[in-house]
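This report describes how the parts of a two-chain model are arranged and how they meet. The sequence and structure are shown first.

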Amino acid sequence: MAAVALIEAITMALAHELEHDPSVLVLGEDVGINGGVFRATAGLAQRFGDDRVIDTPLDETTIAGLSVGLAAQGMRPVAESQFDGFVYPMLDHLICHAARLRTRTRGRMTCPLVLRVPWGGGIRAPEHHSEANETMFTNVPGLRVVMPSSPHRAYGMLLAAIRDPDPVIFFEPKRIYRQYKEEVADDGEALPLDVCYVLREGRDITLVSWGAQIKETLEAADALAKEGVEAEVIDVATLRPLDFDTIRESVAKTGRCVIVHEAVRSGGFGGEIAARLAEHSMFDLKAPVLRVTGYDTHIPLFRLEMKFLPDLARILDAARRTLAYD
Amino acid sequence: MSVAASFEIPFLRYLEADGRLSGAALPAFARDAQALVEPYKLMTLTRSFDAKAVALQRTGKLGTYASCLGHEASHVGVGMAMRPEDVLALSYREYGAQFARGVQPREVLLYWGGDERGSDFSGPPHDFPFCVPISTQCLHAAGAALAFKLRGEARCALAMCGDGGTSKTDFYAALNSGGAFNLPLVLVVVNNQWAISVPRSAQTGAETLAQKGIAGGLHCVQVDGNDYIAVYDAVSQALQRARDGQGGSVIETITYRLSDHTTADDARRYRDEAEVKDAWQREPLIRLRHHLVGEGVWDEDKEKAWLEECARRVDEEVNAYLAVPPPPVQAMFDHLYADPPPDLLAQRAEAMAREVR
């Protein structure tokens, strides 16, 4: 078993599926001999050939439209959007076709594609390279929307995404691509795409997050522990469909909840979780549900981007405000 | 100055508007006039179907409907030239192509009658359903063609769009992919001169729509889209070339939308009645009928008998469509995911419980 970073786990999962399923193919811009701008597909073209790992013409509409056609005709395309800010030309194909094909044809045709999206800010990248735009996909019936936050989950969830019979938008938190390594067995074991993960148990407050912010959220739990507060930390991991039961059970125990996400607050996915807590958990709550999020602005260029992203101090402030209620 | 590249767009027509031969040597398939009777009958059936569908909409028995009046040669010509294993990716009015591939008129009615089951049709199961977002189907065909090429299958993908559809990003992206990957891809542009209210002249400065394919390295030809023989000939040649790995094509078929855009449109607001009247002089059925009569394989009695048969068949299709009960409320939840999540199932149960009340 090798210790791998999150991005290496992605490469490992891609290689595993290319090896074991001849219908799987990887396509995108610079994913071939160059191995992708983040190196997610490093070595794959050399190992599997350029008819399995395909450099497309430089057009996101092309990548999405070809993927729909490939998936509808029996292939399992794993497409890469080079950066999060480049997905918008793909939306027509993802929303009007990939997400609807099964419904529209009453199951006659399906669209088992995966779109991998390096996601989020914090890497001092140029404009349009740092977007947290997952929420707009969580609003689309027919899609699955997932975001792993560890090498192990990246491997298992990408296997599951590729094997899933429906389209999956697979967000990769690029800020933590190389944050740390952990042992990941290349055993082909997929993880479910409909569960939240309890990363740390606690009885005083529930901290809910996903993607790169899991890092600061776990740090907040450490800091709270030093103050004698036991925080439970949940990695949502799959945003659609949402495993709300895990969150509800946690809040039933703690009575307090802070939701942490990088995307803008208004209309953000934290609002969906808060609304469900209002519907189902009101009498369990001892304090208002709070959100720690990106501001309702565009993510600024990198001199200010770390002030946009939720940090440890903001998470702790919200947690303490919540804990102040008796 | 020297020339870096040059190109020309051939134009193909065998049958003049009055049914006389243009003088071009007929392709082999058309030399036996008897072989043209079946397509003629299908074109006529398609027109009967179309008239009935418009009437159904006018009497509230069908939703908005996109008529195919005047496009019969272009549509049937494409459908007849394709093999069952090929893939058709159409827009939303190419019924003649679908009928040629085994889709039933009752299924087209079911779709426009507001029921998804119309797209679970009895044509080839790999054919795409109607595609309303303009020209996006061109890229799906390119993706299908890429799948065939990667798997080494001798199959082609054919997409159909309109003149307005050639303005879309997706059309250019598809022809670019077709050339870049050398795909077995055929793009048929049914140029009916109008994209709702915007005329062909306002879509592009290009002299022909066919020549757009030159930019992607595809074979390009313009044909008289009201001449069944020309359409079938151009499409079957393009498919053969694609199947042989010799590259994709763009085929522009020149025709005319004799109807409104859809039943929700009134074309009198934006186009001259004289233009429509003139276009009727070139419509596709008359010329093929004159040719068949001249060749001695069709006559007035056969025409009368066939029109009666068309009316009978169309009535049968309409009755079959009208007899389909509406889907149960849970149909909107079913087929959304292969494995529906619990919260969706809860909403499904909620909707069903309201039905019982």
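Domain bounds are those of an automatic or database domain assignment. On that basis chain A consists of domain 1 (2-184) and domain 2 (197-323), while chain B is split into domain 1 (11-326) and domain 2 (331-357). The model is predicted: local features need pLDDT of at least 70, side-chain atom pairs count only at pLDDT 80 or more, and totals for chains, interfaces and linings use all residues. Residues are numbered from 1 along each chain as its sequence is written, and chains are lettered from A and ligands numbered from 1 in the order in which they are written.

**Domains of chain A**

The centres of the two domains of chain A, taken over C-alpha atoms, are 26 Å apart; for domain 1 and domain 2 of chain B the corresponding separation is 38 Å. Two residues are in contact if their C-beta atoms, placed from the backbone, lie within 7 Å. In chain A, 26 residues of domain 1 are in contact with 23 residues of domain 2. Helices (H or I, at least four residues) and strands (E, at least two) are DSSP runs, numbered from the N terminus. On the domain 1 side of this contact in chain A, at least two residues each come from helix H6 (135-138), strand S6 (144-146), helix H7 (151-163) and strand S7 (168-173). S6(A) gives the most, with 3 residues.

**Contact between the chains**

The contact takes 34 residues from chain A and 33 residues from chain B. On the chain B side, helix H6 (136-151), helix H7 (169-180) and helix H12 (342-356) each give two or more residues, and H6(B) gives the most, with 10 residues.

Residue classes are as follows: Ala, Val, Leu, Ile, Met, Phe, Trp, Tyr, Cys and Pro count as nonpolar, Asp, Glu, Lys and Arg as charged, and the others, Gly among them, as polar.

| Set of residues | Nonpolar | Polar | Charged |
|---|---|---|---|
| Side of domain 1 of chain A that touches domain 2 of chain A | 11 residues | 8 residues | 7 residues |
| Side of chain B that touches chain A | 19 residues | 9 residues | 5 residues |
| Contact of H3(A) with H7(B) | 2 residues | 5 residues | 1 residue |

**Helix H3 of chain A**

Helix H3 (residues 60-72) of chain A packs with H7(B) at an angle of about 75°, the axes being 10 Å apart. Axes are lines fitted to C-alpha atoms, for helices over the stretch in contact, and angles run from 0 to 180 degrees between N-to-C directions. H3(A) is therefore roughly perpendicular to H7(B), a term that covers 65 to 115 degrees. A:Thr61, A:Thr62, A:Gly65 and A:Leu66 of H3(A) make this contact with B:Thr169, B:Asp170, B:Ala173 and B:Ser177 of H7(B).

A residue is buried if 20 or more other C-beta atoms lie within 10 Å of its own, exposed if 12 or fewer, and partly exposed in between, with C-beta atoms placed from the backbone. H3(A) is mostly covered, with 13 of its 13 residues buried. A:Gly74, with a positive phi near 95°, follows H3(A).

**Backbone features in loops of chain A**

Most residues other than glycine have a negative phi, and most peptide bonds are trans. A:His128 has a positive phi, near 70°, and lies in the loop between strand S5 (114-119) and H6 of chain A. A:His128 counts as partly exposed because 13 C-beta neighbours lie inside 10 Å. Phi of A:Ala237 is also positive, about 65°; A:Ala237 is buried, with 25 other C-beta atoms within 10 Å. The loop that holds A:Ala237 runs between strand S11 (231-235) and S12 of chain A. A cis peptide bond, with omega near 0°, leads from A:Arg240 to A:Pro241, and A:Pro241 is placed in the loop between strand S12 (238-240) and helix H9 (244-254) of chain A.

Definitions and conventions:
Parallel < 35°, antiparallel > 145°, perpendicular 65-115°, else oblique.
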